[in-house]
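Hi,

Here is the structure I promised to pass along. Could you open it beside this message and follow along as you read?

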Amino acid sequence: MAITKLNTYQPLTEQSAISMAVNVGIFEDGSLLTCEEIGDGNLNLVFHVVERDSGKGIIIKQALPYAKVVGESWPLTIERARIEAGALNLQRSFVGDLVPEVYHSDPSLAVTVMEDLSSLTIARAGLINGNKYPRLSDDIGTFLANTLYFTSDYALHPFRKKEYVKEFSNPELCKITEDLVFTDPFFNSETNEFEEELSGDVQQLWDDFTVKLEVAKLKKSFLTEGEALLHGDLHTGSIFVDDQHTKVIDPEFAFYGPIGFDIGQFIANLIFQVIASPGEKEPILHHIENTWNVFSATFSKHWKESGDAYTKVNGYLEYVLEKSFQDSIGFAGCECIRRTIGLAHVDDLESIEDKEQRLKAKRACLNLGKKLIVNRKHILSIEELLTLVRSYSE
Ligand code: SR1
Ligand code: MG
């Protein structure tokens, strides 16, 4: 087979992905390779290349110059591939195998070649199928604590931190979140999508100025608080799992933002399971509780090693944790609402076949979302949050 080498950006095909796998030295010329495009996300091409004899596989991810979910009418920078590869490498230095290994990246071709995770399952799909994944919250709590602490001013020299802020400046992807998470669902925007039966509930939301004021404050935090390098899109579709492994993928939305954002997005995506799942809810509630507990214990442990004088001042750690907790709850509320009536929905809710059940679950997400946003400063512990979530899932 002729091995061609791409010099300028063009979308890969299954054939050119095979050529790339050879060109970057992962497989020898002459190896019998198969390739399948397996991308089912909103934005990118994902190729799975396998060497037939050894069974060895790799993933080649390529950013398209537009948002795949909408099409070429929504142009989108391929810079996000550089951000993603850089974030994976940096995160790996703090969390090891909790993220995939990057074998090769090429920003001009918008390509990241990485570890094959095809033996694992996307957490959202696995949870919908009733799997409980006992390691999930230990691992995500650790991922959150390590990535958020070690990229913050509490851990880094200020020059290094500002270098990272520049390196991970990600305006176009941030704009997607600013619009799709914080603005569009709260106004009558064209991007919203919801069943006609929810029109009354949605109108009520749009008319609720208390909610809007609180979302404005949360959006301001997202826009202005460059506290730590966030994953930026930490939902259960960005996590591969089995009972022994957890791998966080897809940090193309990475940028410097408020610590509570990643935590809140993850918690909200577990809340969808608590509300939507016909099965046992307690194991998922346990994951919510344990994520926060592991995060705060691990973050506090790292804090003791900080060189920053203020980290020795009594009450400062407690302040940072309390602020992050309240923000997490508010951001979780925004995620609950945007995944219910915004542009990008979640299978946890969409896969409920019975229409009345589905509408009931969606109304619960909308009402809980509002409550989380408005009451975030009055929910004082993770146990109180669980009690609230339970009350919306009965
Ligand atoms: C156009 S992108 C829609 C959503 O998919 C991504 O995974 C992010 O969550 C984004 O908001
Ligand atoms: Mg993604």
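Let me begin with the cysteines, and please keep in mind that this is a predicted model. Why is Cys-336 not bonded to Cys-365, its closest cysteine by sulfur position? The two sulfurs are 5.6 Å apart, which is too far for a bond, because a disulfide needs the pair to be within 2.5 Å. Cys-336 is also buried, at a relative accessible area of 0%.

The wider search gave a similar answer: zero disulfides turned up in the whole structure. Cys-174, for example, takes part in none, and the nearest cysteine sulfur to it belongs to Cys-334, 15 Å away. Cys-174 is buried too, with a relative accessible area of 8%.

Next, the helices. H9 covers residues 260–276, 17 residues in total. From first C-alpha to last, H9 reaches 24 Å, close to the 24 Å expected at 1.5 Å a residue. How many of the residues of H9 are buried? The count is 17 of the 17, so H9 is largely enclosed by the rest of the structure.

Helix H11 spans residues 316–341, and Leu-317 lies in it. Leu-317 is buried, with a relative accessible area of 13%. If you would like to see what surrounds this side of the helix, select Phe-299, Ser-300 and Trp-303: Leu-317 touches these three, leaving aside residues up to four places away in sequence. Ser-300 is 17 residues from Leu-317 along the chain, yet their C-alpha atoms are separated by 7.3 Å.

Now for the strands. One open sheet has three of them, in the order E8-E10-E11, with antiparallel pairing. Its edge strands are E8 (121–122) and E11 (246–248), each of which pairs on one side only. Strand E10, residues 239–241, pairs with E11 over three antiparallel bridges. To find that pairing on screen, look for Ile-239, whose bridge partner in E11 is Val-248.

Another pairing sits earlier in the chain, between E4 (residues 66–67) and E5 (residues 71–75). These strands run antiparallel and are joined by two bridges. How many residues lie between the two strands of this hairpin? There are three between E4 and E5. Within the hairpin, Tyr-66 stands opposite Pro-75 of E5.

Happy to go through any of this with you.

Best wishes

Key:
Residues numbered from 1 in each chain as written. Chains lettered and ligands numbered in written order. Predicted model: local features only at pLDDT ≥ 70, side-chain atom pairs only at ≥ 80, totals over all residues. Heavy atoms only, no water. Buried < 20%, exposed > 50% of the residue type's maximum accessible area, 1.4 Å probe, protein only. Helix = DSSP H or I, 4+ residues; strand = E, 2+ residues; numbered from the N terminus. Expected span 1.5 Å × (residues − 1). Pairing = 2+ DSSP bridges. Contact = heavy atoms within 4.5 Å.
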